[in-house]
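Colleague: I'd like a close look at one part of this model, the loop that carries the exposed residue with the odd backbone angle. Could you start there and then work outwards into the rest of the fold?

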Amino acid sequence: MALRACGFVIFRRLVQKPPPDNIEFLLLQTSDREHHWTPPKGHVDPGEDDFTTALRETQEEAGLDKDHLCMVDGFLQRLHYRVRGKDKEVLYWLAELRDPNTQVVLSDEHQDYRWAKLEDACKLAKQQDLQDTLTAAQQYLETQGKQ
């Protein structure tokens, strides 16, 4: 059975910039040996549904709860890859930070965070499937989402 994790691609809109340059994505840098960058996400606990996992992990890892976020309808990305010899599936929903000045509060699992425009976020993300997810989120916001 594949490992399963869920989280949010979180973005904020900067009021002083025109679309699409006003969108920045939140990435967290892990404290583990790889120090890779990802949106907040984590493993599904027994008996927990996927969306609840995404909310819980975002609260635990970034200090952002559902009251800080506005969910964007119609966007869900599924990533599939292998980690340490096991299949893993990650589900990402899209959410906007209601107040772009809200402080991120990191857990011990992460050592840094960045708000980054798409190009810089993709450079940090490194993995192609995550870059594709961030690009899909940006495109979704530009075409479907409200600007």
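Modeller: Sure. Let's fix one term before we begin: a residue is called exposed when its relative accessible area is over 50%, buried when that area is under 20%, and partly exposed in between. Keep in mind too that this is a predicted model.

Now to Arg84, which sits in the loop between β5 and β6. Its relative accessible area is 61%, so Arg84 counts as exposed. The backbone is what catches the eye: Arg84 is not a glycine, yet its phi is positive, about 50°. Lys126 can be read alongside it, as another non-glycine residue with a positive phi, near 65°. That one belongs to the loop between α2 and α3, and at 65% relative accessibility Lys126 is exposed.

Now for the strands on either side of the Arg84 loop. Both β5 (69-83) and β6 (86-97) give two or more residues to the lining of the largest pocket, as do β1 (3-13), β4 (41-43), α1 (50-62) and α3 (128-143). The pocket holds about 590 Å³ of space. Its lining has 25 residues, and those nearest the centre are Thr30, His36, Lys41, Tyr81 and Lys88. By type, the lining splits into nine nonpolar, seven polar and nine charged residues.

Tyr81 also leads us to α3, the helix where Asp129 lies. Asp129 touches Leu79, His80 and Tyr81, leaving aside residues up to four places away in sequence. With a relative accessible area of 25%, Asp129 is partly exposed. Pro39 is 90 residues from Asp129 in sequence, and their C-alpha atoms are 13 Å apart. Further along in α3 is Gln139, partly exposed at 47%. From the C-alpha of Gln139 to that of Gly42 is 25 Å, with their positions 97 residues apart along the chain.

What about the interior? The largest nonpolar core has 23 residues, and Val9, Phe11, Phe25, Leu94 and Leu134 make the most contacts inside it. Our two strands, β5 and β6, each supply at least two of its residues, and so do β1, β2 (23-30), α2 (118-125) and α3. The biggest contribution comes from α3, with five residues. Val9 shows how these pieces meet: beyond its sequence neighbours up to four places away, Val9 touches Phe25, Pro39, Tyr92, Trp93, Leu94, Ala95, Thr133, Leu134 and Ala137. Apart from this core there is another one, of 15 residues, including Leu64, Leu69, Leu91 and Ala95.

Over in α1, have a look at Thr53. Thr53 has a relative accessible area of 0%, so it is buried. Not counting residues up to four places away in sequence, its contacts are Cys6, Gly42, His43, Val44, Asp45 and Glu48. Cys6 is likewise buried at 0%.

That brings up the cysteines. A search of the whole structure turns up zero disulfides. For Cys6, the nearest cysteine sulfur is that of Cys70, 20 Å away. A disulfide here needs two sulfurs within 2.5 Å, so Cys6 is in no disulfide. Cys122 is buried as well, with 14% relative accessibility.

Notes
Residues numbered from 1 in each chain as written. Predicted model: local features only at pLDDT ≥ 70, side-chain atom pairs only at ≥ 80, totals over all residues. Heavy atoms only, no water. Buried < 20%, exposed > 50% of the residue type's maximum accessible area, 1.4 Å probe, protein only. 1 Å grid on protein atoms, 1.4 Å probe; cavity = no way out; pocket = protein on both sides within 12 Å on 5 of 7 lines; lining within 4 Å. Points joined across faces, edges and corners; volume = space filled by probe spheres on them. Helix = DSSP H or I, 4+ residues; strand = E, 2+ residues; numbered from the N terminus. Nonpolar A, V, L, I, M, F, W, Y, C, P; charged D, E, K, R; others polar. Core = buried A, V, L, I, M, F, W, Y, C linked by side-chain atoms within 4.5 Å. Contact = heavy atoms within 4.5 Å.
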